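This briefing goes through a protein structure by topic. Keep the sequence and the 3D view at hand while reading.

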Amino acid sequence: MADGRRDGGRLQVDTDECKGCGLCVEACPPKVIALSERLNHYGYRTAEYAGAGCTGCGICFLVCPEPGAITVLRLKRRPAGAAEGASV
Amino acid sequence: MSDQTDLDYIVAHSKARAFYPTYERKEELQHQTHYCPGCGHGMVHKMVAQAIDELGIQDRTILISPVGCSVFAYYYFDVGNVQAAHGRAPAVATAVKRTRPESIVISYQGDGDLAAIGSAEILHAANRGENISVIFVNNAIYSMTGGQMAPTTLMGQASTTSPGGRTPAEGYPLHICELLATLEAPVYLERVALGNNKQVAQAARAVRKAIENQVNGLGFSLVEVLSPCPTIWKMSAVEAQRWIHDVMEKTFVPRVYRDRTQTAEARPAPGPAISLEKVPAMLGVAAKETPAAFAGEGAATAEIDWQVRIAGFGGQGVLLLGEMMAEAGLDAGLEVSWLPSYGPEMRSGTSNCHVRLAREPIDSPLVGHPHVLVAMNEPSLHKFGSSVRRGGWVLYNGDDVPPECERRDVHIVARSFTHLADELGDARAANMVALGAVLEIAQVLPEASVDHALGRLVKSPRWLDLDARALTRGREVLREWRGEVCHAE
């Protein structure tokens, strides 16, 4: 967030659950998901957030075959006039 | 990510509440499903779970698990579940829905299950317009068993049983939606695909709609999902997804095949089930007020577990003999089981049954090592004679035991029951002579209960009289035999 802007969404990956199939990487419209270089406990390269630009659209969640591997967060709508990052 | 920043975000998409937090199936991997990476089942499971969450029906949903990769659905969904035999999910769903109309019944099946062995069940459930939701996951192959050809396999598609590709000699891909769309009753039939983002989103809408239709009482809904199987297709997850869109859809066109959601009226809920008390009158049998007093208080604590095997050829009344024991046992307030085993022939095939009479609930109706064997012919003695427990009884319908069937560690009563019955008037009462002898051995069934069973199962007055006399004769036979033993000793 060097430019002071916040992503509209955030991606959390449960690396115990992800099997590294790559469907989310393919499906992500802004292409901000990649497979990690690290292997997880079971030997899979798991999905990870690869940079800024998540919109919180949830398509990665929809195409992911695992029930809880991906959680998508979305930025709260702020009341008009509130400055970005005012709470930080 | 600091906590401070997290506060600015809300959870938009996360694991559905309809899933268990962890899956107890294995020691390890309790976070993961058992599905392969990129499997379509996981996606469809999430759609179903999402719909259950959104419709607020988790506490009244009953999922019918199939046979196939998704057999373990009950490890994942925190809802009621019945796991059905191969192909039978729509029939089981019918029973569950009709007996529990307030429940939401989702039948979940693959193509090897629904379109092959279960083709009759799905056809008739759809034709009856059962108010159930069927999720049909089609990947054009038998995956769990290693990739054999399915009815849905595409023309030219290679499988382990069509290695050169499917040819017309193996038939053509079965189009379930098109087939069901020829029926009058279904309310909603749609084929969707998991070929790209747009299709996945549409599939989620269709799954929800199929379940919502049931909530609204509209009737039969089925969603066919063209679903990837990267493992058996030997593709990466992404390649498999593309193959659905580029190849599979040419054969299985995704579209709505029936949608009467707007015009269909809610089906009337079935009336209340007939009360059990009325059933005897409807069947024309006398109601039994209370189980006949079985025995005195002291006897009530004695352990009872009689295991009996009855065998012969079809037509000898082997099954009736067993049924009579079970019926009498029921009347006496015992736990009973009666398991018939016979071939398709009505006469002259072999036939046998397993009977258990016990005080405690019966774990298995199978009788491998009987206390009593009734062998109504010689082949039966050959087949089961050696299975009788030591100290047990063999009642053989013949005067001479073949030498190879002799045993010193069991009681063998060899009398021609057929001959004895013939003396009474009809050789066909031989089974009742044998039953009389069994009753005399087991001594757990009061005569009143036996009389009740006889009256219940034998309708003709002529036979009733003959059978009663045959039973008495059988008891006498055993007493005489005991006398001989005493005498001999």
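Arg208(B) is partly exposed, at 26% relative accessible area, in a model that is predicted. Its salt-bridge partner is Glu212(B), with N and O 3.5 Å apart. Glu212(B) is also partly exposed, at 30% relative accessibility. The two residues sit four places apart in helix α8 (residues 197-215) of chain B, so about one helical turn separates them.

**Other salt bridges**

- Over all chains, the count comes to 27 salt bridges.
- Side chains of opposite charge can pair when their charged atoms come close.
- Asp426(B) and Arg428(B) form a salt bridge, with the closest N and O atoms 3.0 Å apart.
- Of these partners, Arg428(B) is exposed at 56% relative accessible area, whereas Asp426(B) is buried at 11%.
- Glu440(B) and Arg479(B) also meet in a salt bridge, at 3.2 Å from N to O.
- Because Arg479(B) belongs to helix α18 (residues 461-488) and Glu440(B) to helix α16 (residues 430-442), both of chain B, this pair ties together parts 39 residues apart in sequence.
- Arg479(B) counts as partly exposed at 47% relative accessibility, and Glu440(B) counts as buried at 8%.
- A network of salt bridges with shared partners joins Arg415(B), Arg473(B), Glu476(B) and Glu480(B).

**Chain A and its interface with chain B**

- Chain A contains two helices and four strands, and from the N terminus on its elements run β-α-β-β-α-β.
- Of the 88 residues in chain A, 41% are buried.
- Among chain A contacts between residues at least 6 apart in sequence, 56% join residues at least 24 apart.
- The area that chain A exposes is about 4500 Å², and carbon and sulfur atoms supply 53% of that area.
- In the interface, 41 residues of chain A are in contact with 38 residues of chain B.
- The size of an interface is often given as the accessible area lost when the parts come together.
- Between chain A and chain B the buried area is about 3400 Å², with 58% from carbon and sulfur atoms.
- One salt bridge is found across this interface; Glu26(A) pairs with Arg242(B), with the closest N and O atoms 2.7 Å apart.

**Nonpolar cores and a surface patch**

- The largest nonpolar core has 56 residues, and those touching the most other members are Val48(B), Phe77(B), Leu194(B), Ile211(B) and Met248(B).
- Helix α2 (residues 40-55) of chain B gives the largest share of this core, eight residues.
- A second, separate core has 46 residues, including Val318(B), Ala328(B), Leu435(B) and Leu454(B).
- On the surface, Ile274(B), Leu276(B), Val279(B), Met282(B) and Leu283(B) form a nonpolar patch with about 550 Å² of accessible area together.
- Leu276(B), one of the patch residues, lies in the loop between β8 (256-259) and α11 (279-283) of chain B.
- Leu276(B) counts as exposed because its relative accessibility is 70%, and the cut-off for exposed is over 50%.

**Two single residues**

- Thr61(B) lies in strand β2 (residues 61-65) of chain B and is buried, with 2% relative accessible area.
- Leaving out residues up to four places away in sequence, Thr61(B) touches Ile52(B), Val79(B), Gly80(B), Ile104(B) and Ile106(B).
- Glu303(B) is in the loop between α12 (297-300) and β9 (305-313) of chain B and is exposed, with 75% relative accessible area.
- From Glu303(B) to Ala358(B) is 55 residues in sequence and 7.8 Å in space, C-alpha to C-alpha.

Conventions. Residues are numbered from 1 along each chain as its sequence is written. Chains are lettered from A and ligands numbered from 1 in the order in which they are written. This is a predicted model: local features need pLDDT of at least 70, side-chain atom pairs count only at pLDDT 80 or more; totals for chains, interfaces and linings use all residues. Side-chain values use heavy atoms; hydrogens and water are left out. Patches are made of residues with over 30% relative accessible area and no salt bridge: like charges are joined within 9 Å, nonpolar side chains (Val, Leu, Ile, Met, Phe, Trp, Tyr) within 5 Å. Accessible areas come from the Shrake-Rupley method with a 1.4 Å probe; for residues, only the protein chains shown count as cover. A salt bridge is a side-chain nitrogen of Lys or Arg within 4 Å of a carboxyl oxygen of Asp or Glu. Buried means under 20% relative accessible area, exposed over 50%, partly exposed in between (1.4 Å probe, protein chains only). A nonpolar core is a set of buried Ala, Val, Leu, Ile, Met, Phe, Trp, Tyr and Cys residues joined through side-chain atoms within 4.5 Å. Contact means heavy atoms within 4.5 Å. Buried area is the accessible area (1.4 Å probe) that two parts lose on being put together, summed over both.
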